[in-house]
Amino acid sequence: MKALNNILARAKADPRRIVLCEGQDVRVLQAAVMAAEQGLAKVIVVGDPTVIAATARDAGLNQQALARLELIDPVTSEHTARLAEALHAHRAAKGMTAEQAAEKIRDPLTFANMMVREGLADGSVAGAVNTTADVVRSAIQLLGLAPGSKLVSSFFLMMLCKPFHNLKGGMIFSDCGLVIDPDAEELSQIALAAADSAQALLGEDPRVAMLSFSTNGSAHHAAVDKVVQAAHRVREQRPEIAIDEDVQLDAAIVAEIAERKLPTSRVKGTSNVLVFPNLEAGNIGYKLAERIGGAEAIGPLLQGLAKPANDLSRGCSTADILNVIAVTVVQAQQRTPED
């Protein structure tokens with residue numbers, strides 16, 4: 001898995017501080033220890049130390065393994081008062097009182113994202129226990145949107161590395177987990193963010209396909225118009241991005257078909273970013289690629305945030321969490337100190 005191995009190598013070369021807030025979950029704690037042992041990240045685990053210790057025993061982790069992690073109790077931490085004050089200052093306009101902030105900061109998810117907001121950590125990972133709604137809401141409220149971003153969306157990093165795969169390497173599938181029915185402007189924001197995700201994680205210039213049931217105007221429908229309008233917006237903002245507007249999947253990933261159906265294509269059937277027209281298509285598409293096509297799906301990952309915060313599936317494995325930690329490190333590496 002060259003693309004994934006490259007991400008792991010980049011994480012090891014410059015590990016960042018990644019905070020986890022679900023130490024009551026065996027998978028999370030195992031992944032945290034593995035990430036620390038492999039040098040992928042400087043791992044912080046926020047939570048009740050008694051619960052974390054019990055989870056460690058259940059996972060067969062000894063004290064030496066736990067010593068590789070920084071364990072923080074949000075009730076007694078030296079950072080708690082500072083983070084509560086920062087939370088109050090940030091949310092006072094929304095009606096949060098100082099007393100409410102002092103109580104809320106004891107929630108591990110809130111504490112973890114406030115650590116990222118205040119520069120005490122470089123990225124957060126949650127979702128093995130917390131719902132996607134809670135993870136995304138906390139990230140948006142506490143970390144906010146990246147400069148120039150109008151929308152938080154999600155993507156999967158799809159790894160196509162099996163001997164039987166005709167396509168090889170990594171691809172970005174977006175949005176497969178968050179925005180249900182984007183309009184043209186929202187779809188353009190998803191495409192721009194996905195292009196940046198490809199650049200950051202794959203180390204390649206993005207080649208974007210705006211997927212549709214139409215190729216180059218072969219069908220006429222409002223759903224096709226939306227995709228075309230979104231592509232035009234992307235071109236207006238980032239003319240350097242290679243993007244095909246309405247394009248069917250085969251023309252997006254097969255050069256011979258692209259040459260026949262879309263001879264003016266800049267992508268030429270070599271897409272590394274697939275932008276789906278809505279969540280139904282995206283969710284079905286990534287699961288088909290994973291379950292029938294044998295691709296490895298890493299995610300859902302978040303894009304459009306001011307600082308890295310990623311979601312996990314509650315059905316995730318220890319290996320899934322480890323990979324998301326590595327991705328979060330690489331995302332953090334892309335940020336400047338001023339971000």
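What span should the twelve residues of helix H5 (residues 80–91) have at 1.5 Å a residue, and how far apart are its end C-alpha atoms? The model is predicted, so that local features need pLDDT of at least 70 and side-chain atom pairs count only at pLDDT 80 or more, while totals for chains, interfaces and linings use all residues. Residues are numbered from 1 along each chain as its sequence is written, and side-chain values use heavy atoms, without hydrogens and water.

The expected span of H5 is 16 Å, in agreement with the 16 Å between its end C-alpha atoms; the expected value is 1.5 Å times one less than the number of residues. Helices are DSSP runs of H or I with at least four residues, numbered from the N terminus. In H5, Thr80, Leu83, Ala84, Ala86, Leu87 and Arg91 are buried (under 20% relative accessible area; exposed, over 50%; partly exposed, in between; 1.4 Å probe, protein chains only). Viewed down the axis of H5, the buried residues fall within an arc of 165° and therefore line one face of the helix; the arc is taken from the directions from the helix axis to the C-beta atoms. The face turned away from the buried side carries exposed Glu85 and Ala89. The cover over the buried residues includes helices H6 (98–104), H7 (108–117) and H8 (132–143), with contact meaning heavy atoms within 4.5 Å.

The largest nonpolar core has 64 residues, and Val43, Leu69, Leu157, Met210 and Ile325 have the most contacts inside it. Such a core is a set of buried Ala, Val, Leu, Ile, Met, Phe, Trp, Tyr and Cys residues joined through side-chain atoms within 4.5 Å. Helix H9 (residues 184–202) gives the most to this core, nine residues.

Note on methods
Helices (H or I, at least four residues) and strands (E, at least two) are DSSP runs, numbered from the N terminus.
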